[in-house]
Amino acid sequence: MDDRNMNRLLMQQVGRKFGSHEVLYSKYIPKIPASAEREYVRLTDAYMGILKEELEQELPRLKDVYRENREADMRENLRADGVIDGFLMAAARIFHIIRNRVTEKAASYQLQRKMERIAQLNLRLTIKEWNRAVKSTLGIDIREDYYMGAFYSAQLEKWIQENVGLIKTIPEETLDRMQKIVYDGFTRGRSTARMVKEIQQAYGVGRRREELIARDQTAKLNGQIQQAQQRDAGITEYIWYTCMDGRVRQRHRELHGKKFRWDDPPVVDKKSGRKCHPGQDFQCRCIARPVFNRSTLNLPMNGESNGAHRSGMNGAGSAGTGARDRFGIITNNNRGDPRYYDFEGKDLKLVESELSQRTFETAVCFDERGKAIFAQLGDEDAIRFTKAQRMRMKGKVLTHNHPLGTPPSPEDLYILKENRLKEFRTCGRNGTYVLRYSKQIENLPEFDVISTLYNELLEQRIPQYKGKVEKGMDPEKALKKMGEEIWSEISRRYGVKLEYERR
């Protein structure tokens, strides 16, 4: 299958999900793979366990040497150079033995191979999170095997080598710290008990550092894979998303919910001007929430006939039947189509009266003089507009019908906002809901915030209205009433005014 046909197949699958929008925010927030982080922690604990085992074996001898030389030093009642030198040499021999044994056991630990397994686990889990984001938002399954071959090989190899290097240095650095503790403790006259306690604390510091590295590096690899996946899929923008807990640093909290481009990372440190994407900052657990763009979407769908990936495209397919343009969008261009709507010479009142009788959505745009300038067909619950139509509708009045007479959806609200319409109208058999562009509309948060609120309010009311319908309430009336309650709450929170004009 060539690129053109693969593009058409993809957009036939996802076109209805986009509806009239050019972009969709992922409905699912990908997560950092916690199980990969846990495996990394287990690996580092076991690797540090090599040092712990050797320390426990040699610590009694180190304590004896420390105590004996300190007592001899105290008998001399002065800082005798001979005693100090003798102790330093004896302690150095013990640390030399520990180092050699740790190095020998570490060589057989197969750190490289185990780090490779963690990298592959991180990759598989991140791909599954990516698939969930695509499936929940676009309704399609992607080919996971596409990402498991050479796609990330160089990236993974670089991460593996860097992390092997990081982990290898920690036992060495911990031993250096311990040796300094012993030397300083002896020369300063500290007790044996205090020296042992500080050595144990140094081991704890080393172990905690490895756990910090595990968390940091798991998130970094996850962020790198996410970036590669999204950019390969034609995604140019993302929403910065934090874990929203008390550990989130202030600057990242400020970035939460804001949109950024992959080719222009935001400033994460105002003092230095340092920039980076989610997951790249030290100990950053933030996520890049994908923003899918219809015109550049490029995904390896499950079931494609070959492994070639597609280039971006400028148009898309759509669900439903009827005349379509060269990109598969249902149009109102074919007068022979039984769904064709003849809008010419009709005013707004007549158009809305006729649209309210239709069983599928249809939109008509009116210019400043009240003249209908184009119509667009949809299906039972969605209409898609071409780029040319979106350009023409700016500052105009757009009306469309909801076959069940329900209030506008969040998607409708953002057609008004994104295209800066004068009015967006939703007509039914008994009247029309009207949204007018205002400062409150302009200042609305991202679409996903309103969409999430809408769905939450809907879920809260469904049981109540389901009960009312079971007791005899008309289903269409219940849907309309429920929608009006939801809009009342949205209006209260965001100042968006929804009016209703009866016919």
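Let me begin with one residue, R420: apart from its neighbours within four places in sequence, R420 is in contact with K394, G395, I415, Y437 and E442. Please bear in mind throughout that this is a predicted model. R420 is placed in the loop between helix 10 and strand 10, the latter covering 423-427. Directly after helix 10, R420 adopts a positive phi of about 50 degrees. Its relative accessibility is 47%, so R420 counts as partly exposed. The C-alpha atom of R420 is separated by 9.2 Å from that of S438, although the two residues are 18 apart along the chain.

Let me now step back to the chain as a whole. The protein chain contains 13 helices and twelve strands. It has 503 residues, of which 50% count as buried. Where contacts between residues at least 6 apart in sequence are considered, 71% join residues at least 24 apart.

I return to helix 10, which spans residues 410-419 and is mostly covered, with eight of its ten residues buried. Those buried residues are P410, D412, L413, Y414, I415, L416, K417 and N419. I415 thus appears in two settings: it is buried in helix 10, and it is among the contacts of R420.

The next topic is the aromatic pairs, of which the count comes to nine. One of them joins Y414 and F447 in an edge-to-face arrangement, with 5.3 Å centre to centre and 85 degrees between the planes. Y414 belongs to helix 10 and F447 to helix 12, so this pair ties together parts that are 33 residues apart in sequence. Both Y414 and F447 are buried.

A tilted pair is formed by Y433 and Y500, at 4.7 Å centre to centre and with 50 degrees between the planes. Because Y433 lies in strand 11, residues 431-436, and Y500 in strand 12, residues 498-502, the pair ties together parts that are 67 residues apart in sequence. Are the two rings of this pair carried by buried or exposed residues? Y433 is buried, with a relative accessible area of 3%, whereas Y500 is partly exposed, with a relative accessible area of 26%.

Ring pairs also link Y238, W240, F260 and W262 into a cluster. Two charged side chains deserve mention beside these rings. The charged end of R339 sits over the ring of F360, at 4.2 Å from the ring centre. Likewise, the charged end of K468 sits over the ring of Y465, at 4.6 Å from the ring centre.

Finally, I turn to the largest pocket, which holds about 1400 Å³ of space. Its lining comprises 50 residues, and the closest to the pocket centre are S409, P410, E411, S451 and N455. Which elements supply at least two residues each of that lining? They are helix 1 (3-18), strand 1 (23-25), strand 2 (237-241), helix 10, helix 12 (447-470) and helix 13 (475-494). Helix 12 gives the largest share, ten residues. By class, the lining has 23 nonpolar, 14 polar and 13 charged residues.

To close, helix 10 and helix 12 recur in this account: the pair of Y414 and F447 joins them, and each supplies at least two residues of the lining of the largest pocket.

Terms used: Residues are numbered from 1 along each chain as its sequence is written. This is a predicted model: local features need pLDDT of at least 70, side-chain atom pairs count only at pLDDT 80 or more; totals for chains, interfaces and linings use all residues. Side-chain values use heavy atoms; hydrogens and water are left out. Buried means under 20% relative accessible area, exposed over 50%, partly exposed in between (1.4 Å probe, protein chains only). Helices (H or I, at least four residues) and strands (E, at least two) are DSSP runs, numbered from the N terminus. On a 1 Å grid over the protein atoms alone, a cavity is a set of points where a 1.4 Å probe fits but cannot get out, and a pocket is an open set with protein on both sides within 12 Å along at least five of seven lines; lining residues have an atom within 4 Å of a point. Grid points are joined across faces, edges and corners, and a volume is the space filled by probe spheres set on the points. Ala, Val, Leu, Ile, Met, Phe, Trp, Tyr, Cys and Pro count as nonpolar, Asp, Glu, Lys and Arg as charged, and the others, Gly among them, as polar. Rings of Phe, Tyr and Trp (its six-membered ring) pair if their centres lie within 6.5 Å; planes under 30 degrees apart count as stacked, over 60 as edge-to-face and the rest as tilted. A charge sits over a ring if NZ of Lys or CZ of Arg is within 6 Å of the ring centre and within 35 degrees of the ring normal. Contact means heavy atoms within 4.5 Å.
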